[in-house]
Structure formats: C-alpha cells, structure tokens
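Student: I should like a close look at one part of this model, the protein surface that faces a DNA strand, together with the elements around that surface. Please treat it as one connected account.

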2 protein chains.
Amino acid sequence: MQDPCQAREVLGIVGDKWALLIVRMLKDGPRRFTELKRGIDGISQRMLTVTLRDLERDGILTRTVRTVMPPHVSYELTTMGRTLREATAPLLEWSITHLPHIDAARAEYDSR
Amino acid sequence: MQDPCQAREVLGIVGDKWALLIVRMLKDGPRRFTELKRGIDGISQRMLTVTLRDLERDGILTRTVRTVMPPHVSYELTTMGRTLREATAPLLEWSITHLPHIDAARAEYDSR
DNA sequence: CGGGATCCGGCGGGATACTG
DNA sequence: CAGTATCCCGCCGGATCCCG
C-alpha cells in the first residue's frame, strides 16, 4: 500500500490499455482468439497476440491449443486473473458513471 | 458495465502509467509540484507537468497558484478525483499482494 | 520554484503479406 | 483460424536550456 515501486510494476500490466479489456472479456469463461478480436473494438491482431502473450507470461490467463484443422485456441483467466478482474471491476464501474463528467470537464477546459 | 467503448476512454486516463501514481499521492490532501516530483520515482519534470495538465483538464484535480516569489503551486483532488482514487484502491492493493506471484510466473515462463 | 520550449532518439503499434 | 514476419511511421518521453 505504501510502496510506489511495486505499484509501478503492476501499472505495466494495468497501464496497457488493451490488457484490462481482455481480462474483462474473459470474465464469463474462455474465449477464442477471433472472439476476442471481434469483441475488442479497434485492436489489431498484432496487439492482441502480443498482449495475450504478456498476460500469459504474467500468469493472468492460460492459453490452450487444440491442434486440429482449423486450429482452435482458447484463453481463460487463471485464479489470479480472476482476482485481478475483481480488483478492476470498481474502476470500470467508475468509468461508466463518470465519463459524462470527464467529457464535460474537458469541453469546459478547452473552451478557455 | 457492458460498453467497451466507454471503458476504453477511461483507460486513456488509467492507462497512463503516471496518472494513477499522482492520484494516489494526492489522497491525503494537496501537494506541491516538487513534492510530487520527489514522491514519484523516475518521473521527469516534463511528464509530471503534462500529466498534471491532463488530469486538471479531465476534472480529476485542481491547480492552485500562489503568485509569490518563489512561486507556490499546489494540486488537490476534486470530488470526482477522490472517487477515482477510491475506485483504484482495490487495484493497488491487488498489486501489492500479487506481485510476487507475477514475478514467479514470469520467471517460470521465461525459463522455457 | 514551477514550469515552458525545443530537439530528437527509441519503440509502440498499424498495415500488409505469408504460413501450419 | 491463429498466428509470425517485416516494414515503417508517429509520438512518447527524456535531456537540456531558458524564464517569471
């Protein structure tokens, strides 16, 4: 709670603008690569791949490959991933409720 | 809760790796520029200025200037800023408790 | 003290083409 | 379908100098 250095490391995960969106998309169970790509508006296939690898490396999610044709790869939150998802839930709720205020504040700031 | 587009906008704030650290530093009341610079390890003067401006623009904090010599500028969370701080608290707690696990997961992943 | 202005190097990340 | 590989541009952000 009082160690800023530790907090900084985690912001390497959380600060990634795609990571939290991926974690959020996995909250109701495993998803396939293409499902994630369709569900996360604007993400390139490259960034989806890279971010998924990072999250797998960090132990946030697991990658399961079914070697058939066509391939079938699914991603699922680990136990730790689910706790992360819970920890970020308040933040996402905050987002929804306060975005109008933020937009208003910006508009007013810019008008000066 | 179910609008990913809105969530993305807020990640513009949260995704900034310095923003949350600044918000966190202001949780116990107003701080001066130099206090923040000293308190946030590794931040450059430029990024501190830029990030503070952005947060002011978004209505997260206020900037108060006392025109004396030497100048005295203090930053303080707005009401909305304090709610953001509360919303991010679980995430910071999560950080502290899970960082060892993340490091372990990384080490194991890299060893393969 | 708390910035603003400028320069510039690195890399984040998009677009495209190719594979098992 | 789920990637990898390559190219390449933009801008993030550090370093430095100046100012009220």
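Tutor: The account below begins with the conventions and then moves from the DNA to the protein elements.

The model is predicted: local features need pLDDT of at least 70 and side-chain atom pairs count only at pLDDT 80 or more, whereas totals for chains, interfaces and linings use all residues. Residues are numbered from 1 along each chain as its sequence is written, chains are lettered from A and ligands numbered from 1 in the order in which they are written, and side-chain values use heavy atoms, with hydrogens and water left out.

Around DNA strand D there are 15 residues, of which A:Arg32, A:Thr34, A:Arg63, A:Tyr75 and B:Ser44 come nearest; a residue is near a strand if one of its heavy atoms lies within 4 Å of it. Of the atoms of DNA strand D that come within 4 Å of the protein, 70% belong to sugar and phosphate.

Three arginine side chains of chain A form polar contacts with the phosphates, a polar contact being a pair of N or O atoms within 3.5 Å (within protein, one must be able to donate a hydrogen and the other to accept it, and residues adjacent in sequence count only if both atoms are side-chain atoms). The distance to a phosphate oxygen of DNA strand D is 2.4 Å for A:Arg63, 2.9 Å for A:Arg32 and 3.2 Å for A:Arg53.

By class, this surface has 7 nonpolar, 4 polar and 4 charged residues. Here Ala, Val, Leu, Ile, Met, Phe, Trp, Tyr, Cys and Pro count as nonpolar, Asp, Glu, Lys and Arg as charged, and the others, Gly among them, as polar.

Helices (H or I, at least four residues) and strands (E, at least two) are DSSP runs, numbered from the N terminus. At least two residues of the surface come from each of α3 (33–39), α4 (45–57) and β3 (72–77) of chain A and α4 (45–57) of chain B. The most, 3 residues, come from α4(A).

That helix also packs against chain B: the axes of α4(A) and α5 (residues 79–110) of chain B are 8 Å apart, at an angle of about 110 degrees. Axes are lines fitted to C-alpha atoms, for helices over the stretch in contact, and angles run from 0 to 180 degrees between N-to-C directions. The two helices, α4(A) and α5(B), are therefore roughly perpendicular, a term for angles of 65 to 115 degrees. A:Arg53, A:Glu56 and A:Arg57 meet B:Ala105, B:Arg106, B:Tyr109 and B:Asp110 in this contact, where contact means heavy atoms within 4.5 Å. These contact residues divide into 2 nonpolar, no polar and 5 charged.

How values were computed:
Parallel < 35°, antiparallel > 145°, perpendicular 65-115°, else oblique.
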